[in-house]
Amino acid sequence: MSLLALPLAALCQPKCGAPTPADVEGPFYKAGAPVRASLAEPSSPAETMVLTGVVLSAECRPLANVSLDFWHADAQGAYDNAGYRYRGIVTTDALGRYRLETNLPPPYSGRPRHIHVKVQRVGAPPLTTQLYFPGESRDAPRALVLKMERHAEGRAATFDFVLP
Ligand SMILES: [Fe+2]
């Protein structure tokens, strides 16, 4: 396709891509999760997983001090609605980077494996969405699928968020 045939918006689209789409919150969000870099439990039968990435503006600039409020199911597919197991908040550093360690959640109740997150930039409404795992579901929105590598010590996942 010639450049002239592209809509203007496509030519202006920064390299980091379109804003990360929202996805349903689901019934199990609970405010007030602790700030902590690891949700992993040594007694869990599930693999350890480290999720890293950056949060970018629509102009592809890294955003510092963005909070990412994660929650997901435990190895039995249950959410902790009494306490804060597998719930925690991490914040981006000066380069927009975040890092979360946890245990791999399972698929449950007919849903593909996923991790919920609210991404909150100071002074802006939160982006509520879900992250999905590669090669596990045709129903998962492509723009919300993690990149995943397997290592002997666990899985290394990456996902970059783009906020509007
Ligand atoms: Fe869920």
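## Fold, core and two unusual backbone angles

Read along the sequence, the protein chain in this predicted model follows the pattern α-β-β-β-β-β-β-β-β-β. That is one helix and nine strands. The radius of gyration is 17 Å, close to the 15 Å that the globule rule gives for 164 residues, so the chain is as compact as a globular protein of that length. Along the principal axes, its C-alpha atoms fill a box of roughly 55 × 35 × 35 Å. Among contacts between residues at least 6 apart in sequence, 70% join residues at least 24 apart.

Buried residues account for 42% of the 164 residues. In soluble globular proteins, nonpolar side chains tend to be buried together. Here the largest nonpolar core has 27 residues, and those touching the most other members are Leu51, Val55, Leu68, Phe70, Tyr98, Val119 and Phe161. Two or more residues of this core come from each of β1 (48–56), β2 (67–71), β4 (97–103), β5 (114–120) and β6 (127–132). Beyond its neighbours within four places in sequence, Val55 contacts several residues, including Leu68, Tyr98, Val119 and Phe161.

Most residues other than glycine have a negative phi. Two residues with a positive phi are set out below, with their places in the chain.

| Residue | Phi | Loop | Relative accessibility |
|---|---|---|---|
| Cys60 | near 70 degrees | between β1 and β2 | 24% |
| Tyr86 | near 55 degrees | between β2 and β3 (87–91) | 3% |

Because buried means under 20% relative accessible area, Tyr86 at 3% counts as buried, whereas Cys60 at 24% counts as partly exposed.

The chain exposes about 9000 Å², of which carbon and sulfur atoms supply 57%.

Key: Residues are numbered from 1 along each chain as its sequence is written. This is a predicted model: local features need pLDDT of at least 70, side-chain atom pairs count only at pLDDT 80 or more; totals for chains, interfaces and linings use all residues. Side-chain values use heavy atoms; hydrogens and water are left out. A nonpolar core is a set of buried Ala, Val, Leu, Ile, Met, Phe, Trp, Tyr and Cys residues joined through side-chain atoms within 4.5 Å. Buried means under 20% relative accessible area, exposed over 50%, partly exposed in between (1.4 Å probe, protein chains only). Helices (H or I, at least four residues) and strands (E, at least two) are DSSP runs, numbered from the N terminus. Contact means heavy atoms within 4.5 Å. The radius of gyration is taken over C-alpha atoms; the globule rule is 2.2 Å times the number of residues to the power 0.38. Accessible areas come from the Shrake-Rupley method with a 1.4 Å probe; for residues, only the protein chains shown count as cover.
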